[in-house]
Amino acid sequence: MSLGEHEGAASAAEHVYEHEVKAMLREAGVPVPRGFVVRDLDFGPAAELSEPLVLKAFGPGLVHKSDAGAVALGLTARELPAAARAMTAKVPATIAGFLVEEQADAGVELIVGLVRDPAFGPVLLTGLGGVWAEALRDTALRLCPISEQDARDMLGSLRGAALLDGHRGGPPVDVDAVVKLLMAAGGPGGLWERLELGEFELNPVIAGPSGVVAVDARHLPGQAPARPAARPPGDLLPLFEPRAVAVVGASTTRPNFGNMFLGFYRATGLPLVAVHPTASEVSGVPAVPSLARADVDYALVAVPAERCAEVVRQAYGVPFVQVMSGGFGEAGHPGLERELAEAARAAGTRLLGPNCMGVYCPRGRQTFVGGGVGPAGSVALISQSGGLAGEVIKVGERRGLAFSRVVTVGNSADVTPAELLRWLARDEETRAVGLYLEDPRDGRELYEALRAADLPVVLLVGGRSGQGQQAAASHTGGLVSDRRIWEAVAGQSGAALVTSQDDLIGVLAFFQAHGSRVTTGERVLVVGPSGGASVLAADAFDLAGVRLDPLPGDALESLRGLGVVAAGNPLEVPVGPLGRAGLVPEVIDVLVRRRPYRDVVAHVNVPAFFTYGDTAEPLYAYTRAVAAAQEALPGVRITLVTRNGECAPPGVDDEVRRIAAAAGIPVYRSMEAAAVAVAAGGRYGAA
């Protein structure tokens with residue numbers, strides 16, 4: 001998906017003339033300059049306007065009027081005819097007429113734009129406008145419809161937000177008027193619903209102490225793509241916990257993927273049948289000649305792409321068919337993919353994939369990774385990549401994650417991430433969901449599912465770096481990119497957007513540990529040994545967007561009584577083999593009793609515990625003390641960071657994680673990973 005490819009964007013010759021756009025703006029309550037249209041060089045009505053005046057030519061092909069020399073500023077009424085003749089001689093495009101307007105007073109120049117994203121639909125953009133729109137790219141995005149709070153958050157997020165407050169003695173802007181304009185464009189019932197939206201832009205909008213005025217307007221109509229009807233989630237339980245499974249494509253002579261999956265399923269003990277045209281068994285598994293003879297809930301198909309539709313047509317009575325094979329739309333063969341989807345509909349079966357690895361569910365003995373299944377848990381994962389999903393399972397379980405449901409969707413020809421998310425949000429076994437996506441198919445449906453999900457969701461998106469189409473007809477089109485759209489999706493839905501597989505696992509671990517814990521505060525406290533680690537910890541949390549508030553002044557005397565003289569946050573507390581194991585919990589208790597903290601992050605340098613000996617008991621004692629603090633403070637989420645943990649003897653890290661996990665404490669190897677997780681937990685709690 002390239003979000004610069006705004007569907008239906010009209011050619012330059014098809015744009016709506018500026019005076020027609022401004023007529024629509026007036027009807028919507030958006031202030032525009034007073035003016036009139038001239039087609040015969042009769043500028044008599046200019047006498048009724050206040051000077052100075054602006055002259056603009058319009059006609060086919062005149063989209064970027066300033067670049068074409070089709071705009072003149074600061075004119076008097078007497079100068080208009082000569083300016084129009086000079087403009088006619090200079091402008092290379094055909095001129096159909098002129099627009100004369102009163103020139104707006106100076107103020108803060110803003111841009112307000114609408115564009116239809118091919119996946120997520122109408123998007124509103126605002127920021128510093130005029131010549132600064134692309135030079136500074138200081139803008140904010142939201143999916144339509146926006147709320148008034150969205151509008152204020154957009155303005156507050158700008159780097160140039162201080163200009164709206166009256167920078168260096170200048171008068172403050174009427175922010176309420178700007179918000180009203182944003183709502184008229186992108187709010188419920190706004191222009192985004194009424195326009196045949198390709199690209200729409202007001203640039204600049206002049207904002208001042210007495211209101212706003214849209215001095216330039218551009219609209220390129222586009223046809224809205226038809227949205228497929230959202231499929232209500234049916235009963236997806238057989239997908240994850242089937243009574244029995246069939247595997248199509250295993251060989252009696254040459255082991256392949258089908259044979260590998262037969263081995264996986266035999267290891268889990270799930271009732272199993274192979275599908276083979278002639279054999280009575282394959283790899284020791286009983287075989288039937290076709291899917292029509294298989295009494296199963298789930299079938300895995302691993303045959304060449306051109307044969308898949310034929311196989312799926314035989315899946316009458318099979319609730320779910322997974323097509324593992326590739327070679328469909330992702331390989332430039334969309335016709336094969338359409339044929340496959342039609343075959344599934346004809347058979348009355350639901351199609352997972354194609355081009356996907358399948359399902360992992362310890363409760364249902366479903367798997368696509370070797371080595372059996374891990375413990376059943378409460379974390380779900382939806383992934384468009386089977387390989388990445390396998391890595392998250394293996395690495396995640398090694399770090400203590402326990403999965404409820406994992407599903408790979410590949411090309412999502414039928415079952416989509418949005419449908420799965422809606423079902424998982426109601427699944428009693430699932431408490432948090434991770435998603436890895438590249439092309440969401442129907443992004444608007446996914447966005448609505450994210451907003452409706454009443455549980456924490458973590459998003460990792462591949463291919464977010466693509467920029468807007470360079471040839472976009474408006475600044476708005478050029479300023480929209482995949483990365484910024486996903487940031488808006490996450491911000492408006494409350495999902496946590498992460499940038500790496502490691503952070504996906506880390507944030508899911510945080511929600512697994514703390515998901516059911518109700519916190520009582522908003523502040524974050526970091527406690528650990530002194531030195532550069534505390535300074536770097538402050539930097540890590542600042543980068544993650546987490547503010548570390550100063551300590552309460554009335555706690556300093558109590559801290560000194562415990563032997564802690566530092567008073568900053570991060571708070572430096574002696575921790576190590578010679579330190580008292582219970583000191584950090586005592587410090588936490590002193591502070592929490594005076595000020596509610598949402599999160600407390602305790603960090604240690606693991607090698608320091610082995611400086612004066614080779615026993616891990618001091619580290620275990622410290623971990624047990626922190627665990628006891630968590631049990632005593634259910635309204636605080638405690639997180640443990642074991643810096644440089646790889647330097648510990650074998651098995652030490654596992655034991656520390658075991659002690660911490662028993663108390664519901666997640667463990668991280670770096671302050672950066674913990675900061676990302678704590679930030680995600682704070683955003684979810686505030687959503």
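This tour moves through selected loops, helices and strands of the structure, stating at each stop what to select and what is found there. The model is a predicted one.

**First stop: two cis peptide bonds**

Select Glu51 and Pro52. The peptide bond joining these two residues is cis, with omega about 0 degrees. Pro52 belongs to the loop that separates β1 (35-38) from β2 (53-58).

Next select Asn203 and Pro204. Here too the peptide bond is cis, and omega is near 5 degrees. Pro204 lies in strand β8, which covers residues 197-208.

**Second stop: Asp216 and its surroundings**

Keep Asn203 and Pro204 displayed and add Asp216. Asp216 sits in the loop between β9 (211-214) and β10 (217-221). Is Asp216 buried or exposed? Its relative accessibility is 15%, and the limit for a buried residue is under 20%, so Asp216 counts as buried.

Now display the residues around Asp216. Leaving out residues up to four places away in sequence, Asp216 touches Asn203 and Pro204, the two residues of the cis bond, together with Glu18, Lys22, Lys56, Lys65, Glu201 and Leu202.

**Third stop: Ser283**

Move to Ser283, in the loop between β13 (281-282) and β14 (285-288). The backbone deserves inspection here: phi of Ser283 is near 55 degrees, a positive value in a residue that is not glycine. With a relative accessible area of 39%, Ser283 is partly exposed.

**Fourth stop: the pair α9 and α10**

Select residues 305-312, helix α9, and residues 334-347, helix α10. Two packed helices are described by the angle between their axes and the distance between the axes. For α9 and α10, the axes come within 8 Å and cross at roughly 10 degrees. Angles under 35 degrees count as roughly parallel, and α9 and α10 are therefore roughly parallel to each other. The crossing of α9 past α10 is left-handed.

Show the side chains where the helices meet. From α9 the residues are Ala305, Glu306, Cys308, Ala309 and Val312; from α10 they are Leu336, Glu339, Leu340, Ala343, Ala344 and Ala347. By class, the residues of this contact comprise nine nonpolar, two charged and no polar.

**Fifth stop: strand β20 and its partners**

Select residues 403-408, strand β20. Six of the six residues of β20 are buried, so this strand is largely enclosed by the rest of the structure. Strands of a sheet pair through backbone hydrogen bonds, either parallel or antiparallel. Which kind of pairing does β20 have with β18, and which with β19?

- β18 (residues 359-360) runs antiparallel to β20 and is joined to it by two bridges; the bridge partner of Tyr360 in β20 is Val406.
- β19 (residues 376-383) runs parallel to β20 and is joined to it by six bridges; the bridge partner of Val379 in β20 is Phe403.

**Sixth stop: a five-stranded open sheet**

Turn next to the open sheet of five strands, whose order is β25-β24-β26-β27-β28 and whose pairing is parallel. Its edge strands are β25 and β28 (667-668), each of which pairs on one side only.

At the β25 edge, select β24 (residues 523-528) as well. β24 and β25 run parallel and are joined by two bridges; the bridge partner of Val527 in β25 is Leu571.

Then add residues 617-632, helix α20. This helix lies across β26 (597-605) and β27 (637-643) and runs at about 165 degrees to β27.

**Seventh stop: two loops that adjoin strands of this sheet**

Select Leu562, in the loop between α18 (556-561) and β25 (571-572). The relative accessibility of Leu562 is 23%, so this residue counts as partly exposed. Apart from its neighbours within four places in sequence, Leu562 is in contact with Arg580, Leu583, Glu586, Val587 and Val590. For a distance check, take Leu562 and Val584: their C-alpha atoms are 9.8 Å apart, and the two residues are 22 apart in sequence.

Finish at Asn644, in the loop between β27 and α21 (652-662). Phi of Asn644 is near 60 degrees, again a positive value in a residue other than glycine. The relative accessible area of Asn644 is 33%, and this residue is partly exposed.

Methods: Residues are numbered from 1 along each chain as its sequence is written. This is a predicted model: local features need pLDDT of at least 70, side-chain atom pairs count only at pLDDT 80 or more; totals for chains, interfaces and linings use all residues. Side-chain values use heavy atoms; hydrogens and water are left out. Helices (H or I, at least four residues) and strands (E, at least two) are DSSP runs, numbered from the N terminus. Buried means under 20% relative accessible area, exposed over 50%, partly exposed in between (1.4 Å probe, protein chains only). Contact means heavy atoms within 4.5 Å. Axes are lines fitted to C-alpha atoms, for helices over the stretch in contact, and angles run from 0 to 180 degrees between N-to-C directions. Angles under 35 degrees count as roughly parallel, over 145 as roughly antiparallel, 65 to 115 as roughly perpendicular and the rest as oblique. A crossing is left-handed if the near helix is turned anticlockwise from the far one by less than a right angle, and right-handed if clockwise. Ala, Val, Leu, Ile, Met, Phe, Trp, Tyr, Cys and Pro count as nonpolar, Asp, Glu, Lys and Arg as charged, and the others, Gly among them, as polar. Two strands pair if DSSP finds at least two bridges between them.
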